Amino acid sequence: MLKTRIITALVLLAVLLPVLYSNNFTAFAVVATVFFGAAIWECFRLFNPTSSKAPVVAAFWTAAFAWAFFGPNAGNPVFWFAISLLLWALRFAPSLKIGLPPLDSTANTLLSVVYAVSLVGCFAAIVALYAYSPLYLLSVMAIVWAADIFAYFSGKAFGKRKLAPSISPGKSWEGAIGGGIAVLVIATLVIAFGGQALANTFPVRVQASLGWAATYAILVLIVAASVVGDLFESQLKRRAGMKDSSNLLPGHGGVLDRIDALVPVLPLAALIGAWL
């Protein structure tokens, strides 16, 4: 399993890094659209695990996404950032407390549509952040990756109080807090010592515009949003009886398994970036 995970990770890096830094927007558009289509396909399967219509639904959403954000009349994506964040605040985050509707219900169908809309917001944010600079996009993703990695080690070392035992028994409050503290420390070092090489990263830009207090508050909010995104997808998988969202990425599960924490975070970062 570890060997498979490493091979898959290396292949992804070999594909994604050249695309990010090639300055070829067409190649980026193709890759982003493919990953969006995979995410929508997995989304439909999580909400409708017995249906065979996932490829058709994914094809429709993918075509609409490509036309909206890469077509000749591509519009301002800020609306999608805002609507995505509202959905997370008003519907997805509360579901961690109140639960999800039954799979065979109208409420589940509606929820699947609004979650797909949040994926549109996530990938629209990827497009916007990349348009600013590949490093800026990666710096936002790195915040989530650092929070996740250090949450794992903090949870292993100090975890006692379960964060959401009915959804993800392995996660603890101590792990989440440890991940957040690590993000604040790393961001502080980047801002203080990153110099010109890291001047175009998200934490540096926010601190330069808003100061230290606001930067720390925004980073804490981003870490909290990443935890909510992770838990929400875990909730979907548990309800559907799936271990992973798919097997598209051997050793890693599916695309949603890799981006679940990023789905609420990227629109938030893109909206903050647009405001700055």
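Ser-95 of this predicted model counts as buried, its relative accessibility being 0%; the term buried denotes under 20% relative accessible area, exposed over 50%, and partly exposed the range in between, evaluated with a 1.4 Å probe on protein chains only. Local features require pLDDT of at least 70, side-chain atom pairs count only at pLDDT 80 or more, and totals for chains, interfaces and linings use all residues. Residues are numbered from 1 along each chain as its sequence is written, and side-chain values use heavy atoms, with hydrogens and water left out.

Ser-95 belongs to helix α4 (residues 78–98); helices (H or I, at least four residues) and strands (E, at least two) are DSSP runs numbered from the N terminus. The side chain of Ser-95 reaches the backbone oxygen of Phe-92 at 2.6 Å. A polar contact is defined as a pair of N or O atoms within 3.5 Å; within protein, one atom must be able to donate a hydrogen and the other to accept it, and residues adjacent in sequence count only if both atoms are side-chain atoms. With residues up to four places away in sequence not counted, Ser-95 touches Leu-100, Phe-232 and Gln-235, where contact means heavy atoms within 4.5 Å.

The largest nonpolar core comprises 68 residues. Such a core is a set of buried Ala, Val, Leu, Ile, Met, Phe, Trp, Tyr and Cys residues joined through side-chain atoms within 4.5 Å. The residues with the most contacts inside this core are Tyr-115, Leu-119, Phe-202 and Leu-266. Helix α5 (residues 106–132) gives the most to the core, contributing 14 residues. Beyond four places in sequence, Tyr-115 touches Cys-43, Phe-47, Trp-88, Phe-92, Phe-232, Leu-236, Leu-256 and Val-263.

Helix α11 (residues 262–275) has 14 residues and extends 20 Å from its first C-alpha to its last, close to the 20 Å expected at 1.5 Å a residue; the expected span is 1.5 Å times one less than the number of residues. Because 11 of the 14 residues of α11 are buried, the helix is largely enclosed by the rest of the structure. The buried residues include Leu-262, Val-263, Leu-266 and the two prolines Pro-264 and Pro-267. The elements covering the buried residues of α11 include α4, α5, α6 (134–158), α8 (202–210), α9 (212–240) and α10 (255–259).

Two residues of helix α6 were examined. Tyr-136 lies in α6 and is buried at 2% relative accessibility. Outside four places in sequence, Tyr-136 is in contact with Leu-129, Asn-200, Thr-201, Phe-202, Arg-205 and Gly-273. The C-alpha atoms of Tyr-136 and Leu-189, 53 residues apart in sequence, are 17 Å apart in space. Ile-143 is likewise placed in α6 and counts as buried at 7% relative accessibility. Its contacts, neighbours within four places in sequence being left aside, are with Val-183, Phe-202, Pro-203, Leu-219 and Ile-222.

Strand β1 (residues 162–164) and strand β2 (residues 168–172) pair in the antiparallel sense over 2 bridges, pairing being assigned if DSSP finds at least two bridges between the strands. The two strands form a hairpin with 3 residues between them, and the bridge partner of Lys-162 in β2 is Ser-172. Leu-231, located in helix α9, is buried at 5% relative accessibility. Leu-231 touches Leu-96, Leu-163, Ala-164, Ile-167, Ser-168 and Lys-171, residues up to four places away in sequence not being counted. Leu-231 and Ser-168 are separated by 63 residues in sequence and by 6.8 Å in space, C-alpha to C-alpha.

Two loop positions were also considered. Asn-23 lies in the loop between α1 (2–21) and α2 (25–47), has a positive phi of about 60° although it is not a glycine, and is exposed, with a relative accessible area of 73%. His-252, in the loop between α9 and α10, is buried at a relative accessible area of 12%. Beyond four places in sequence, His-252 touches Arg-5, Thr-8, Ala-9, Asp-257 and Arg-258.

According to the unreviewed UniProt entry, the annotation "transmembrane region" covers residues 54–72, 110–130, 136–155, 176–198 and 210–232; UniProt positions are given in the numbering used here, feature names are shortened, and annotations may be inferred rather than shown by experiment. Over residues 136–155 the chain is 100% helix and 0% strand, with end C-alpha atoms 29 Å apart. Over residues 176–198 the helix content is 78% and the strand content 0%, with end C-alpha atoms 26 Å apart.
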